Each structure stands twice: as C-alpha cells, then as structure tokens.
Amino acid sequence: MRKILHIFLLLLLVVGYQSTYATDRDVEVKRAILLVSFGTSYPEARVAFDNIEESVKSEFPGVEIRWAFTSKMIRKILKRRGEDINSPAEALAEMGEDGFTHVAVQSLHIIPGQEYDDLKHTVEAFNGMPKGIQVSKLGKPLLFTDSDSRALASFINSEYSSLVKKRSSVIFMGHGTVHASNIYYPGFQYYLNQKSDGYFIGTVEGFPTLDNIVPGLEANGVKRVTLIPFMSVAGDHAKNDMAGEGSDSWRSILEARGFKVDIVLKGLAESDDVVRVWIDHLKEIYSEL
Ligand code: CO
C-alpha cells in the first residue's frame with residue numbers, strides 16, 4: 001500500500017512539473033536591457049549616461065532599455081529632488097511584473113569589484129523567478145579580460161597621446177577599492193605604459209594613491225600634469241577630489257608642489273570607443289538569452 005502511495009505521489013510530482021513547464025513555455029518571450037551604474041547626483045554628469053543609452057539604443061533597436069543605480073546614497077539624494085531611480089532589485093522586480101522574461105543586465109562599472117559582485121548576486125537571484133523573469137544575465141564591467149584592457153589602453157592613447165610629452169604627464173583618477181580587484185588599477189597602468197611612460201593611474205580610495213605617483217613625476221622632471229577621471233562619469237570625485245579648489249584636491253596638492261595642472265572633466269562613458277567595450281559585453285550576454 002505504501003509503495004502504491006509513493007508511486008501515486010511521484011506521478012503527481014511529474015504531472016505537476018509538466019504542467020508548470022507547459023505554462024512557462026506558453027509565456028511570450030519578452031527581452032529587455034537593464035543598464036546598471038553606481039549612479040551620480042550631478043545632473044551635468046549624466047551626459048555620460050545619455051551617451052551610453054544612445055549607443056545601446058542604436059545597437060538594439062526596439063528593445064526596452066531601463067536603468068538602475070546601485071548607490072543607495074545617490075538614490076536617496078535624487079529622491080529628495082523628486083527623481084525616483086530604482087535599485088537593481090527594484091528594477092528587475094518591476095520588469096518581471098511588466099512581463100519581461102529575458103533580461104540582459106549590463107554593469108557599467110569599471111572593474112569587477114564589490115559593486116559588480118553585489119550586482120551578480122542580485123541578477124542570479126532573479127533567474128527563474130516564478131511569474132517573473134525567467135533568464136537574467138550579467139554583462140562584464142569595462143575591464144575584465146586582457147583584450148578589454150588592450151582595447152581601452154589603445155582608445156585612451158589615441159585620445160590623449162598629445163598630452164604626454166617629455167615634461168608632461170597624464171594622471172588618471174580611478175576610484176579604488178578594498179576589494180581584491182583593486183589590482184586592476186596598477187595593472188591597467190602597465191597596459192597604458194606599453195603606449196607611453198607618461199601615463200599614471202592613481203586612486204581615491206585604493207592603491208596607488210597620488211603620493212605614490214608624485215616622486216616618479218619629480219624624478220622624471222615632469223612640470224605639467226593633466227588630470228582625467230578614470231570613472232564612467234565626471235561626478236563628485238572628479239569635480240571635488242580631483243579638480244576641486246579645496247587644499248586636499250589632487251589639483252591643489254600638485255600645484256602646491258610646483259606642477260602646472262590641466263583638467264579634463266570627462267567621464268570614460270563620454271567616449272564612444274570606450275562605450276563600445278561595454279556594448280560588446282552586453283551583446284555577448286544578450287545573444288545568450
Ligand atoms: Co566614492
């Protein structure tokens with residue numbers, strides 16, 4: 001009797017599974033793209049995001065594109081100004097509710113750091129959501145593979161090589177992190193140095209710092225320095241920590257040490273060639289949906 005009951009239960013399970021499978025298959029496949037950035041509270045820095053969106057639109061005509069910011073602090077600031085921007089989890093839940101079944105999530109981060117890891121967890125959690133998203137995949141950040149770094153070093157060099165001369169150097173300001181992937185900053189400088197010794201990368205919150213860079217500049221007799229953000233947008237860090245008038249900005253520190261300082265307030269995402277790298281990563285996952 002017990003055996004019959006077991007078989008009966010097993011049969012129920014199989015039938016149940018098949019009917020779920022059948023209804024899932026009946027759901028119309030609806031694809032969408034979710035672009036995810038740390039975010040910025042500077043309206044003028046949004047040109048970088050507009051530029052990305054334009055490129056994604058022309059690469060994926062007719063596909064719904066939505067945005068999410070990972071920074072809770074920035075979403076709070078924007079909310080106070082009356083602008084509601086979703087977190088990645090909110091955006092994915094909403095997309096599921098709106099009937100999207102396959103979502104390509106593109107990280108607009110620079111390195112695969114903490115922000116990227118967190119996003120990966122979120123995206124994985126939304127895979128196979130009952131009555132929601134069936135498949136969601138996450139595209140790699142700007143720098144991931146060797147070929148990403150090579151491509152970016154070439155674009156940067158073609159854009160800024162005229163600023164690197166015998167007594168003139170370029171210092172990029174990266175964010176930096178306590179995450180193991182901080183190694184991408186000194187690592188990427190190596191790629192840049194294949195083009196010229198005049199490129200340096202420093203970070204606000206990681207290694208190397210500006211202090212690590214200055215002795216090398218002085219030893220090489222550098223007199224003039226151009227500061228450029230190594231971040232997707234020229235936001236708070238670029239405007240204040242890099243180019244600000246305060247005594248602890250990179251501009252002020254370098255000027256106090258006798259350097260002539262020029263500023264380029266342009267986020268990486270404002271360059272179409274750089275955006276191309278993110279779009280290639282997006283195309284990769286979109287084709288796998
Ligand atoms: Co920061």
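Me: What makes strand 1 (residues 31-37) and strand 2 a pair?

Reply: In this predicted model, strand 1 and strand 2 are joined in the parallel sense over 6 bridges. Pairing asks for at least two bridges, so the two strands qualify. One of the bridge partners is Trp67 of strand 2, which goes with Leu35. Between the two strands the chain passes through helix 2 (residues 47-59), and this β-α-β crossover is right-handed.

Me: Why is strand 2 (residues 64-69) called largely enclosed by the rest of the structure?

Reply: Buried means under 20% relative accessible area. Of the 6 residues of strand 2, 5 are buried, so the strand counts as largely enclosed.

Me: How do you know that strand 6 (residues 199-203) is mostly covered?

Reply: In strand 6, 5 of its 5 residues are buried. Tyr199, Ile201 and Thr203 point one way and Phe200 and Gly202 the other, and all are buried. In a regular strand the side chains alternate between the two faces of the sheet.

Me: What makes strand 5 (residues 168-174) a partner of strand 6?

Reply: Strand 5 and strand 6 pair in the parallel sense over 5 bridges, where at least two are needed. Val170 stands opposite Tyr199 of strand 6. The chain gets from strand 5 to strand 6 through helix 7 (residues 184-193), in a right-handed β-α-β crossover.

Me: Why is helix 4 (residues 88-97) called roughly parallel to helix 5 (residues 114-125)?

Reply: The axes of helix 4 and helix 5 come within 10 Å and cross at roughly 20°. Angles under 35 degrees count as roughly parallel, so helix 4 is roughly parallel to helix 5. Pro88, Ala89 and Leu92 of helix 4 make the contact with Leu119, Thr122 and Val123 of helix 5. The crossing is right-handed.

Conventions
Residues are numbered from 1 along each chain as its sequence is written. This is a predicted model: local features need pLDDT of at least 70, side-chain atom pairs count only at pLDDT 80 or more; totals for chains, interfaces and linings use all residues. Side-chain values use heavy atoms; hydrogens and water are left out. Buried means under 20% relative accessible area, exposed over 50%, partly exposed in between (1.4 Å probe, protein chains only). Helices (H or I, at least four residues) and strands (E, at least two) are DSSP runs, numbered from the N terminus. A crossover is right-handed if, with the strands pointing away from the viewer, the path from the first strand over the helix to the second runs clockwise. Axes are lines fitted to C-alpha atoms, for helices over the stretch in contact, and angles run from 0 to 180 degrees between N-to-C directions. Angles under 35 degrees count as roughly parallel, over 145 as roughly antiparallel, 65 to 115 as roughly perpendicular and the rest as oblique. A crossing is left-handed if the near helix is turned anticlockwise from the far one by less than a right angle, and right-handed if clockwise. Contact means heavy atoms within 4.5 Å.
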